[in-house]
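Subject: The structure we talked about

Hi there,

Here is the structure I promised to pass on to you. Have a look around first, and then read my notes underneath with the model open.

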Amino acid sequence: MSEPILLPHPVRIAARASAVGGDEYRGPLGPLFDFHDESDRFGADTWEKAEGELGRTVCNLLLARAGLSHRDVDLLFAGDLQNQCMASVCGLSGFGIPYFGLYGACSTFVEGILLASLALTATGNIRRVAVITTSHNCAAERQFRLPLEYGGQRPPTAQWTATAGGALLLDRGEGGVGVTALLAGRMVDSGLTDASNMGAAMAPAAADTLLRYFDATREDPAGYDAIVTGDLGSEGSGILSELLAARGLSLGARHIDCGMLLYDRTRQDAHAGASGCGCSAAVTAAHILPMMERGEMRRVLLMATGALMSPSGIQQGCPIVGIAPLARLEVSGI
Amino acid sequence: MSFLSAGGGAPFPVLPARIRKVVSSLTLFYSCLAAFVTGGLLCVVAQLLIDLTRLTPARILVLYVCTGVFLGAVGLYEPLYRFAGCGVSVPLIGFGGTIARGVREAIHTQGLFGALTGGLTAAAAGTTAALVFGYLAAVFFRSGPKRLGKKR
Amino acid sequence: MDNRKAYRIYVERRAASSPVLKNCAAAFWVGGSICLAGQLLFALYRWLGMSPDMAGGAVTVTLIFSSALLTGLGVFDRIARYAGAGTLVPVTGFANAVVSPAVDTRSEGMLLGVGGKIFTIAGPVLLFGTLCGTVYGVVYYLAGLLL
């Protein structure tokens, strides 16, 4: 699929929910999230289980907001950053919703939106699909980096995995914000192996997807109110705009990066910005979608970015592969 | 008053009490200054290696320990220790220096077998302390959430 | 392949660099202060009547204990974030490298979690320190036979 899929009927985003930890709550978007836990533990005794509880929390919030029971949801696309997607398994198994476990690193949220939209479009008997992704700073540190209490410094290009989760409920209803086009990401290997500069590893994938999208649709970025990337951070965002400029494409001020919105860059030292598949999910659910619902933005390209890698892969010198799936969101009506 | 010299020599034992007091506090001051400056400089070298060559901290620690063994082997560690005291023994170079000295002394008493026993015997206090306190810390504490630093 | 190499060079060139001067200043004064504290402790233990060897060992143990306590309390990583090599290079860094995985892996059990992972970071230091020591010992022994 190197060309975008234009959906014959928009897939409606019927409900949304988000939850974050303490540092994210103290960021500029803090009050917008549906739920936060200052301790980051979400009532669990380990960090991995805490991320599961975070997923359970957003799922419960989502069902409450939609006024539905878990039986009304036909499919669940969920993912996180833990090995074997354990957070999604621990947190969401109790709901009994037929489940697809996804791993797209930090791009999982939009990967889920793409698959959910395809499922709703392709079949007649699937009515509602939930997409849930989470990430937890402590669980990610333990899995990908070093013990939490280990003392070390990070280079300024490093990113900070957000403790956050977001959930969407997609259906075939009318009105509101809908997904109208999809473009799957290609795995782009730019040869980088530095895990403390993931923005640079993801930026070529983001550029690849955007160039393919605008080439195929012959649209102009000026036709969009915002082009939202997942978690390129300051480093990756800068590289993306330089890569696109070299191909004659300029996004200008309509480029927004969720990773640069989550923390207060003047007060909180998050280096190059936030990352994690909960980052784009929570920022989209708590900030981007409400702005669209209020009519402040009508056409948005949402593109999450993922750095596909593992600790042993890094140690074996395998390059970090970037991926960037894209969904077009539009306010329907008028 | 030998406790006041950095490496444990015995300075000026024959001087009168009052002068001895002045001299010994000067000696303490000097030994502390030497430890501060030497230790600080060793840390700066490591910081430069981290920031400029992207050597990971684990590699730096290995480099420092092996450097310590090497300095001990070529006979430079002891003079350095007499000069800077804890300025070289507290950084991980000291760990290596201790291993080298332990091996050398064990070979004098046990022959070739000492090459196997000397190093860890000399480093036993530090290693065992780290293991025991590590286990106790695991019993009494659990890891807290990592927090974003304040922007300085 | 050339494209990838060019991209890597471009990325490395444009990457924001670490504040080297500020980091070095922090490393110098914090690292120096830890060694200074060691020197004062050494004087204290000598004054209490310990032999130089024992006092040296006691200084190491005291610093390791302090580092373990600060690690358990969750303070060490905050200091280290500022001090960098200043807390890494002194024996406090070695202690933190042993204690932090221990505290961290208690969620996987005290036996296999803590026991199995306690040397994940400090293991290389012990291995290569011991290895270098043994090599030196063999060389020293052979040299003694020949000379």
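In this predicted model, the domain assignment splits chain A into domain 1, residues 5-171, and domain 2, residues 177-331. The centres of domain 1 of chain A and domain 2 of chain A, taken over C-alpha atoms, are 17 Å apart. In the contact between them, domain 1 of chain A takes part with 56 residues and domain 2 of chain A with 59 residues.

How much area do domain 1 of chain A and domain 2 of chain A bury between them? The value is about 4200 Å², and 66% of it lies on carbon and sulfur atoms. If you want three residues to click on, try R16(A), C106(A) and Q159(A): they supply 17% of the area that domain 1 of chain A buries against domain 2 of chain A, more than any other three residues.

R16(A) is worth a second look. Its side chain meets that of E293(A) in a salt bridge, with 2.7 Å from N to O. Across the interface of domain 1 of chain A and domain 2 of chain A, one salt bridge is found. The same interface has 21 residue pairs in polar contact, with both residues at pLDDT 80 or more.

Which elements build the side of domain 1 of chain A that touches domain 2 of chain A? Those that give two or more residues include β1 (5-21), α4 (108-122) and β5 (128-135) of chain A. β1(A) gives the most, with eleven residues. Sorted by class, this side of domain 1 of chain A has 30 nonpolar, 17 polar and nine charged residues.

Staying in chain A for a moment, you can also find an open sheet of three strands there, in the order β9-β16-β15, with antiparallel pairing. Its edge strands are β9 (188-189) and β15 (306-308) of chain A, each of which pairs on one side only. β9(A) is joined to β16 (residues 321-323) of chain A by two bridges. To see one of the partners, start at D189(A) and look for V321(A) in β16(A).

Now for chain C and chain B. Their contact takes 69 residues from chain C and 75 residues from chain B. The area buried between chain C and chain B is about 6100 Å², and carbon and sulfur atoms give 76% of that. On the chain C side, Q39(C), V89(C) and Y136(C) lose the most area to chain B, together 11% of what that side buries.

Two salt bridges are found across the interface of chain C and chain B. You can look up D53(C) and R101(B), which form a salt bridge with their closest N and O atoms 3.4 Å apart. Polar contacts between chain C and chain B come to 13 residue pairs, both residues at pLDDT 80 or more.

Several helices of chain C each supply at least two residues of the side that touches chain B, among them α2 (20-47), α3 (52-72) and α8 (123-146). α2(C) gives the most, with 20 residues. That side of chain C divides into 45 nonpolar, 16 polar and eight charged residues.

Last comes the contact of chain A with chain B, which takes 29 residues from chain A and 13 residues from chain B. Chain A and chain B bury about 1700 Å² between them, with 44% of it on carbon and sulfur atoms. R41(A), L148(A) and D269(A) supply 25% of the area that chain A buries against chain B, more than any other three residues.

How many salt bridges cross the interface of chain A and chain B? There are three. The side chains of E38(A) and R147(B) meet in a salt bridge, at 3.9 Å from N to O. Nine residue pairs are in polar contact across this interface, both residues at pLDDT 80 or more. α1, α5 and β12 (268-269) of chain A each supply at least two residues of the side that touches chain B, and the largest share, three residues, comes from α5(A). By class, that side of chain A has eight nonpolar, eight polar and 13 charged residues.

One more thing to find: β12(A) and β1 (residues 149-150) of chain B run antiparallel and are joined by two bridges. D269(A) has G149(B) as its bridge partner in β1(B).

Happy exploring!

Note on methods: Residues are numbered from 1 along each chain as its sequence is written. Chains are lettered from A and ligands numbered from 1 in the order in which they are written. This is a predicted model: local features need pLDDT of at least 70, side-chain atom pairs count only at pLDDT 80 or more; totals for chains, interfaces and linings use all residues. Side-chain values use heavy atoms; hydrogens and water are left out. Domain bounds come from an automatic or database domain assignment. Contact means heavy atoms within 4.5 Å. Buried area is the accessible area (1.4 Å probe) that two parts lose on being put together, summed over both. A salt bridge is a side-chain nitrogen of Lys or Arg within 4 Å of a carboxyl oxygen of Asp or Glu. A polar contact is a pair of N or O atoms within 3.5 Å; within protein, one must be able to donate a hydrogen and the other to accept it, and residues adjacent in sequence count only if both atoms are side-chain atoms. Helices (H or I, at least four residues) and strands (E, at least two) are DSSP runs, numbered from the N terminus. Ala, Val, Leu, Ile, Met, Phe, Trp, Tyr, Cys and Pro count as nonpolar, Asp, Glu, Lys and Arg as charged, and the others, Gly among them, as polar. Two strands pair if DSSP finds at least two bridges between them.
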